[in-house]
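Could you walk me through this model in my viewer, one selection at a time? I'd like to know what to pick next and what I'll find there.

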Amino acid sequence: MKDITLGLVGVGRIGAMHADNISALNAVRNAEDINVRLRLTDVAEEHARAVAARVGAEFLPSVEALLASGLDGLVIATGTGTHPGLIKAGVDAGIQVFCEKPVALDVADALPVLEYVRERQGVVQIGHQRRFDPGYLEARRAYQAGELGWIHSLRAVTCDMAPPPVEFLAGSGGLFRDCSVHDFDILRWLTGREIVEVYAKGSNNGDPAIGAVGDVDTALALVTFDDGTVGAVSATRYNGAGHDVRLEIQGSRGSLLVGLDDRTALASAEAGVAFPAGQPHQTFAERFDAAYRAEMSAFVELILGLRDNPCTPEDAVAASRVADAAQESLRSGSPVRVELAPAVAG
């Protein structure tokens, strides 16, 4: 039996979900004789102890104690501002790291982290979970197989049912960095092309407090790829119908729509059409439950040397470059060219 010990830093909304998924790994990996153990920490000690008790994990009082306890991998699910320091700490400890997106609040802060990881030959997987969603995986397969022909239009939609706390939004970096960065990542991943220009607009007709912290609650970005293909990326915090994440891909030979099923948060205006008939998703955790589980299983496989890194820090920063350009376009009201990463010698 191979024992794998993971350390988890942060058990807020997404961290608690990761704790549940890690604790469930043994049930799906028993045939491979792998035993995954979890240790966790959070500054909110009482809450962290309760999560640990619920999932059968061990609570440790600090990040330092966690790293000193003998880990095979570190999972980071804390606020964005803490990511650079924790990534470096995990690399310094000689273990593989999983970190929720993004690497840092913006690209300028992320670049030194990339250099730090490269110099020390660290392995860091960034949490862009949509790469594990069955619908996105099928769309990528179909495109790469030539079933769609050449793509002429892409439309990506990410709609939260309700906004997160304003305190979170104040430090999130803006709607494009916090939310649409997932769409920017998946568009690059699916097409294999770079986004080279962004033109963004936004509005704030919900809670005025969102505008007071410098954010918008709804935004749209027109993106242009390096081959001239255009796409639209939209996001909102106020989609009362439910949590709605979709990607429409239209090609010269065929079209696909990721996220269209019985739980899609839409209703038809056409007479006699009952689809979709199911209860819409309420949260991102519901919408991407299978993807989040597969993502954590992939991290264990990465630790065991069974697979390549499914989302490198360089991948994540490439998506963040687009998000930074979108935020700048939103501020300036003008199209912004995306600064592409220089080639890395090696």
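Here is a tour in a handful of stops, through a model that is predicted.

**Stop 1: the parallel sheet**

Start by colouring the strands in the order S3-S2-S1-S4-S5-S6: these 6 strands form an open sheet, and the pairing is parallel. At its edges you'll find strand S3 (58-59) and strand S6 (124-127), each of which pairs on one side only. Now zoom in on strand S5 (residues 96-100), which pairs with S6 in the parallel sense over 4 bridges. Pick Val 97 there and look across to S6: Val 124 stands opposite.

Next, show helix H1 (residues 13-23). It lies across four strands, namely strand S1 (2-9), strand S2 (34-41), strand S4 (73-76) and S5. Compare directions while you're there: H1 runs at about 170 degrees to S1.

**Stop 2: aromatic rings**

Switch on the aromatic side chains. The structure holds 3 aromatic pairs, and two of them are worth a visit. Select Phe 98 and Phe 299 to see a tilted pair, with 5.8 Å centre to centre and 55 degrees between the planes. This pair links distant parts of the chain: Phe 98 belongs to strand S5 and Phe 299 to helix H12 (residues 289-303), 201 residues apart. Are these rings buried or exposed? Phe 98 is buried, with a relative accessible area of 0%, and Phe 299 is buried with a value of 0% as well.

Move on to Phe 284 and Tyr 292, an edge-to-face pair at 6.1 Å centre to centre, with 65 degrees between the planes. Phe 284 has a relative accessible area of 19%, and it counts as buried because the cut-off is under 20%. Tyr 292 is buried too, at 3% relative accessibility.

**Stop 3: arginines over rings**

Select Tyr 116 and Arg 120 together. The arginine, Arg 120, lies over the face of Tyr 116, at 3.5 Å from the ring centre. Then try Phe 288: Arg 287 lies over the face of that ring, at 4.4 Å from its centre.

**Stop 4: helix H7 and its two sides**

Show helix H7 (residues 134-144) and highlight Tyr 136, Ala 139 and Ala 142, which are buried. Why do they sit on the same side of H7? Because they cover an arc of only 125 degrees around the axis. Turn the helix round to the face away from the buried side, and you'll meet the exposed residues Pro 134 and Gln 144. To see what covers the buried residues of H7, add the surroundings, including helix H9 (175-191), strand S11 (244-251), strand S12 (255-258) and helix H11 (284-287).

**Stop 5: the mixed sheet**

S11 and S12 lead straight to the next sheet. Its 7 strands run in the order S12-S11-S7-S10-S9-S8-S13; this sheet is open and its pairing is mixed. S12 and strand S13 (336-337) stand at the edges with a single partner strand each, so one side of each is left without a neighbour in the sheet. Look at S11 and S12 side by side: they pair in the antiparallel sense over 4 bridges. A handy marker is Ile 249, which stands opposite Leu 256 in S12.

For a last selection, bring up helix H13 (residues 313-332). H13 packs on this sheet, touching strand S8 (195-203) and S13. Its direction makes about 45 degrees with that of S8.

Technical notes. Residues are numbered from 1 along each chain as its sequence is written. This is a predicted model: local features need pLDDT of at least 70, side-chain atom pairs count only at pLDDT 80 or more; totals for chains, interfaces and linings use all residues. Side-chain values use heavy atoms; hydrogens and water are left out. Two strands pair if DSSP finds at least two bridges between them. Contact means heavy atoms within 4.5 Å. Axes are lines fitted to C-alpha atoms, for helices over the stretch in contact, and angles run from 0 to 180 degrees between N-to-C directions. Rings of Phe, Tyr and Trp (its six-membered ring) pair if their centres lie within 6.5 Å; planes under 30 degrees apart count as stacked, over 60 as edge-to-face and the rest as tilted. Buried means under 20% relative accessible area, exposed over 50%, partly exposed in between (1.4 Å probe, protein chains only). A charge sits over a ring if NZ of Lys or CZ of Arg is within 6 Å of the ring centre and within 35 degrees of the ring normal. The arc is that of the directions from the helix axis to the C-beta atoms.
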